[in-house]
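Work through the exercises below with the sequence and the model open. Each task is followed by a solution in steps.

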Amino acid sequence: MKNKIVHDALILTAITLVAGFLLGLVHEITLEPIEKAEYDKQQAAYRNVFADAASFEDYTDFDADAATQTAIDAGFANDLVEGAQVALDGSGNQLGYVITVTSTEGSQANITLSIGVTNEGVLNGYATTSISETPGLGSKVADPDFKSQFEGKDVEEYTVEKAAATSDSQILAVSGATISSRAVTNAVNAGLAYFRSIGGGN
């Protein structure tokens, strides 16, 4: 009986070790493609908001904690400034910045987006890289009809309106999705606040 228990324990240990090895191997095999897919998604977002750029480089002075604190100080405590890239033309001249922000106030989950801002402070627009809002409602904040309201404007801060937008700084909310609309708008505002904090704009 004792020998059988030892035998079974050895078999179980061997199975556990083999399973652990195989899981580790699968993880290593899939890690690189996952990282590449995430990189490609980010690059697509950058190109979406800075079509004139030939390349993007990490902004060397970026500090996530300080950047997020800038957003908090500007009144956007639910937004995390998570990254900043410098947009460059084919000759290496700076065109502006791409700033990545995550809003924690979406109606379903966090919303992550990247905004493109020229050196002069003109917002090219934003591209969402992570969104789980309700299909047909909150998800519409990722649609061109809503996003276009931000494009080509030099505005310090946007506000959300439920009835009508009568100025460049006003954004008409998606019908039935004011929370999602405000989450995205505040994330854009947080990104613009960080942009100004690093000397962007006129």
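Contact here means heavy atoms within 4.5 Å. The model is a predicted one.

**Exercise 1. Place Gln149 and state which residues, beyond its neighbours within four places in sequence, are in contact with Gln149.**

Solution.
Step 1. Gln149 sits in the loop that links α3 (144-147) to β6 (159-161).
Step 2. With the neighbours within four places set aside, Gln149 is in contact with Ile171 and Leu172.
Step 3. Is Gln149 buried or exposed? The cut-off for buried is under 20% relative accessible area. Gln149 has 16% relative accessibility and therefore counts as buried.

**Exercise 2. Describe the chain as a whole: its elements, their order and its surface.**

Solution.
Step 1. Count the elements: the chain has four helices and seven strands.
Step 2. Read them along the sequence, which gives the pattern α-β-α-β-β-β-β-α-β-β-α.
Step 3. Turn to burial: of the 202 residues in the chain, 38% are buried.
Step 4. Add the surface: about 11,100 Å² is accessible, and carbon and sulfur atoms hold 54% of that area.
Step 5. Consider the sequence range of the contacts. Among contacts with a separation of 6 or more, 56% join residues 24 or more positions apart.

**Exercise 3. Work out the strand order of the five-stranded sheet and find which strands stand at the edges.**

Solution.
Step 1. The sheet is open, and its five strands come in the order β1-β2-β3-β4-β5 with antiparallel pairing.
Step 2. Each of β1 (55-58) and β5 has a single partner strand, so these two stand at the edges and have one side without a neighbour in the sheet.
Step 3. From one strand to the next, the twist averages 30 degrees.
Step 4. Look at the pair β4 and β5: their antiparallel pairing runs over six bridges. Within this pair, Leu113 is opposite Thr128 in β5.
Step 5. Examine the connection. β4 and β5 make a hairpin with four residues between them, and Gly121 in the turn has a positive phi of about 95 degrees.
Step 6. Add the helix: α4 lies across β2, β3, β4 and β5, at about 45 degrees to β4.

**Exercise 4. Identify the largest nonpolar core and the elements that supply it.**

Solution.
Step 1. Recall the general tendency: in soluble globular proteins, nonpolar side chains tend to be buried together.
Step 2. The largest nonpolar core here holds 33 residues, and Ile99, Ile115, Tyr126 and Val188 have the most contacts inside it.
Step 3. At least two residues of this core come from each of α2, β2 (79-88), β3 (94-103), β4 (111-118), β5 (123-130) and α4 (178-197).
Step 4. The largest share, eight residues, is supplied by α4.
Step 5. There is also a second, separate core of nine residues, including Tyr46, Phe50, Ala53 and Ala127.

**Exercise 5. Determine the surroundings of Ile99.**

Solution.
Step 1. Ile99 belongs to strand β3.
Step 2. Its relative accessible area is 0%, so Ile99 is buried.
Step 3. Beyond four places in sequence, Ile99 touches Val81, Gly83, Ala84, Leu113, Ser114, Ile115, Gly191, Tyr194 and Phe195.
Step 4. Compare sequence and space for one pair: Ile99 and Tyr126 are 27 residues apart in sequence, and their C-alpha atoms are 9.3 Å apart.

**Exercise 6. Characterise Thr68 and Asp63 by location, accessibility and spatial relations.**

Solution.
Step 1. Thr68 lies in helix α2 (residues 64-73), while Asp63 is in the loop between β1 and α2.
Step 2. Thr68 has 12% relative accessibility and so counts as buried. Asp63, at 40% relative accessibility, counts as partly exposed.
Step 3. Leaving out residues up to four places away in sequence, Thr68 touches Asp79, Leu80 and Val81.
Step 4. Which backbone atom lies 3.1 Å from a polar atom of the Thr68 side chain? The atom is the backbone nitrogen of Val81.
Step 5. For Asp63, take the pair with Gly83: the two are 20 residues apart in sequence and 8.2 Å apart in space, C-alpha to C-alpha.

Methods: Residues numbered from 1 in each chain as written. Predicted model: local features only at pLDDT ≥ 70, side-chain atom pairs only at ≥ 80, totals over all residues. Heavy atoms only, no water. Buried < 20%, exposed > 50% of the residue type's maximum accessible area, 1.4 Å probe, protein only. Polar contact = N/O pair within 3.5 Å; in protein donor to acceptor, adjacent residues only side chain to side chain. Core = buried A, V, L, I, M, F, W, Y, C linked by side-chain atoms within 4.5 Å. Pairing = 2+ DSSP bridges. Axes fitted to C-alpha atoms, helices over the stretch in contact; angles between N-to-C directions. Areas by Shrake-Rupley, 256 points an atom, 1.4 Å probe, with all protein chains shown as cover.
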